[in-house]
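Here's a quick tour of a protein model, written for someone who likes to poke at coordinates. Have the viewer open and follow along.

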Amino acid sequence: MCRPRPGQRAVTGTTAGVGTARSAHAGDPEHGTLAKAADENFPVAPFFLPRAWRTDLMAVYGFARLVDDIGDGDLAPGGADARLLGVAPGEAQDRLALLDAFEADLRRVFDGTPRHPLLRRLQPTVRRCSLTPEPFLGLIAANRQDQLVSRYETYDDLLAYCELSANPVGRLVLAVTGTSTPERIRRSDAVCTALQIVEHLQDVAEDLGRDRIYLPAADMKRFHVQEADLAAKTAGASVRALVAYEAQRARDLLNEGAPLVGSVHGRLKLLLAGFVAGGRAALGAIAAADYDVLPGPPRHGKLRLLREVGVTLRGEG
């Protein structure tokens with residue numbers, strides 16, 4: 001449900017057949033982006049969902065994946081995406097210029113004909129599901145913020161970022177499946193924020209390599225953690241204590257959002273249980289590693305995930 005990020009671990013199932021598309025569409029901006037669904041930290045559009053939902057969720061995924069690729073500078077230099085968005089070659093490496101062009105093309109989804117094939121793919125979903133621009137604009141705003149803000153002073157600052165970077169995707173899942181209510185949106189926001197925090201904990205070393213730190217500076221000070229400590233090969237006691245503290249915050253948010261699963265039925269219930277269980281399993285793996293995330297994201301096995309799915313479905317978590 002939360003914002004996809006590059007290079008993530010697969011902790012749940014993925015869309016059937018997506019992974020096989022990689023080499024066949026390596027030069028195709030649309031299919032190349034959609035092929036990345038197989039690497040995500042959550043199921044994008046699993047096989048057990050109705051076909052119409054899978055189609056619409058993949059269209060939403062294509063948007064979210066591409067805007068993240070723009071924000072992280074992962075597009076090929078001078079590639080087809082920039083040309084499709086009408087960005088001049090001299091500006092193709094300016095992420096803010098690309099994001100501006102992408103936003104302009106997104107607005108054509110609602111009142112014209114977009115240029116990019118992924119946005120043309122999104123347009124029928126927007127019309128069929130009566131989606132509004134706001135969640136899409138939130139994801140673009142989050143990636144703009146990534147260009148301008150690389151540190152967060154307080155936990156509240158981080159939550160405000162998650163409101164843009166993660167929560168819109170959960171809201172889109174509810175909108176696509178026709179299950180949005182104010183209470184479900186509130187629960188979904190808690191789950192999505194939790195999953196974003198979990199990803200931040202998994203990716204401390206990777207994010208530092210991009211000169212980004214998503215651990216609140218006030219918490220780092222509280223636990224006597226310096227930025228240099230995050231560049232070590234293994235975490236010292238202070239870093240482990242900080243990660244444990246943030247992990248508990250994520251766990252509390254997952255618990256707050258978990259009743260969302262019991263509020264829906266059928267295959268959607270299984271999908272949402274997978275989101276919550278994936279976050280809980282990832283947190284379990286972090287705890288099992290004694291909160292040392294610096295060597296790389298701790299991994300959990302399928303049995304842990306299945307156990308968490310069962311617990312979540314039974315409402316025991």
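What follows goes from the overall fold to helix packing, salt bridges and a few single residues.

## The overall picture

First things first: this is a predicted model. The protein has 15 helices and zero strands, so there's no sheet to look for under the DSSP-run assignment used here. Of its 317 residues, 54% count as buried.

How much of the contact list comes from residues 24 or more positions apart? Among contacts in the protein with a separation of 6 or more, such pairs account for 71%.

## Two helix pairs worth a look

Start with helix α2 (residues 51–71) and helix α4 (residues 95–111), whose axes come within 9 Å and cross at roughly 160°. That makes α2 roughly antiparallel to α4, because an angle over 145 degrees falls in that class. On the α2 side, the contact is made by Phe63, Leu66, Val67, Ile70 and Gly71; on the α4 side, Arg95, Leu98, Leu99, Phe102 and Leu106 do the job. Sorted by class, the α2 contact with α4 has eight nonpolar residues, one polar and one charged.

Now try helix α7 (residues 155–165) and helix α8 (residues 167–176), which pack with their axes 4 Å apart at an angle of about 40°. That makes α7 oblique to α8. Cys162, Glu163, Leu164 and Ser165 of α7 make the contact with Asn167, Pro168 and Arg171 of α8. By class, this α7 contact with α8 has three nonpolar, two polar and two charged residues.

## Salt bridges across the chain

Side chains of opposite charge can pair when their charged atoms come close. How many salt bridges does the count come to here? It comes to 21 salt bridges.

Take Asp72 and Arg210, which form a salt bridge with the closest N and O atoms 3.8 Å apart. That qualifies because the cut-off is 4 Å. Asp72 sits in the loop between α2 and α3 (80–84), and Arg210 in the loop between α10 (204–209) and α11 (217–222), so the pair ties together parts that are 138 residues apart in sequence. Asp72 counts as buried at 7% relative accessibility, while Arg210 is partly exposed at 31%. There's a wider network to click through too: Asp72, Asp74, Asp146, Arg210 and Arg212 are linked by salt bridges.

Next, Asp100 forms a salt bridge with Arg144, with the closest N and O atoms 2.9 Å apart. Asp100 lies in helix α4 and Arg144 in helix α6 (residues 134–148), so this pair ties together parts that are 44 residues apart in sequence. Both ends are partly exposed: Asp100 has 43% relative accessibility, and Arg144 has a relative accessible area of 22%. Arg240 and Asp290 also meet through their side chains in a salt bridge, 3.1 Å from N to O. This pair links distant parts of the chain, 50 residues apart, with Arg240 in helix α12 and Asp290 in the loop between α14 (266–288) and α15 (302–313). Arg240 is partly exposed, with a relative accessible area of 22%, and Asp290 is partly exposed as well, at 44%.

## A buried glutamate and two cysteines

Is Glu246 buried or exposed? At 2% relative accessibility, Glu246 counts as buried. Its home is helix α12 (residues 237–257). Leaving aside residues up to four places away in sequence, Glu246 touches Tyr155, Ile197, Leu201, Leu215, Pro216 and Asp219.

On to the cysteines. Cys129 is buried with a relative accessible area of 16%, and Cys162 is buried with 0%. A disulfide is a covalent bond between the sulfur atoms of two cysteines. The disulfide count in this model comes to zero, which means no pair of cysteine sulfur atoms falls within 2.5 Å.

## Backbone oddities

Which residues other than glycine have a positive phi? Ser130 is one of them, with phi near 55°. Ser130 is found in the loop between α5 (117–129) and α6, and it counts as exposed at 60% relative accessibility.

Tyr291 is another, with a positive phi of about 65° although it is not a glycine. Look for Tyr291 in the loop between α14 and α15.

How values were computed:
Residues are numbered from 1 along each chain as its sequence is written. This is a predicted model: local features need pLDDT of at least 70, side-chain atom pairs count only at pLDDT 80 or more; totals for chains, interfaces and linings use all residues. Side-chain values use heavy atoms; hydrogens and water are left out. Buried means under 20% relative accessible area, exposed over 50%, partly exposed in between (1.4 Å probe, protein chains only). Axes are lines fitted to C-alpha atoms, for helices over the stretch in contact, and angles run from 0 to 180 degrees between N-to-C directions. Angles under 35 degrees count as roughly parallel, over 145 as roughly antiparallel, 65 to 115 as roughly perpendicular and the rest as oblique. Contact means heavy atoms within 4.5 Å. Ala, Val, Leu, Ile, Met, Phe, Trp, Tyr, Cys and Pro count as nonpolar, Asp, Glu, Lys and Arg as charged, and the others, Gly among them, as polar.
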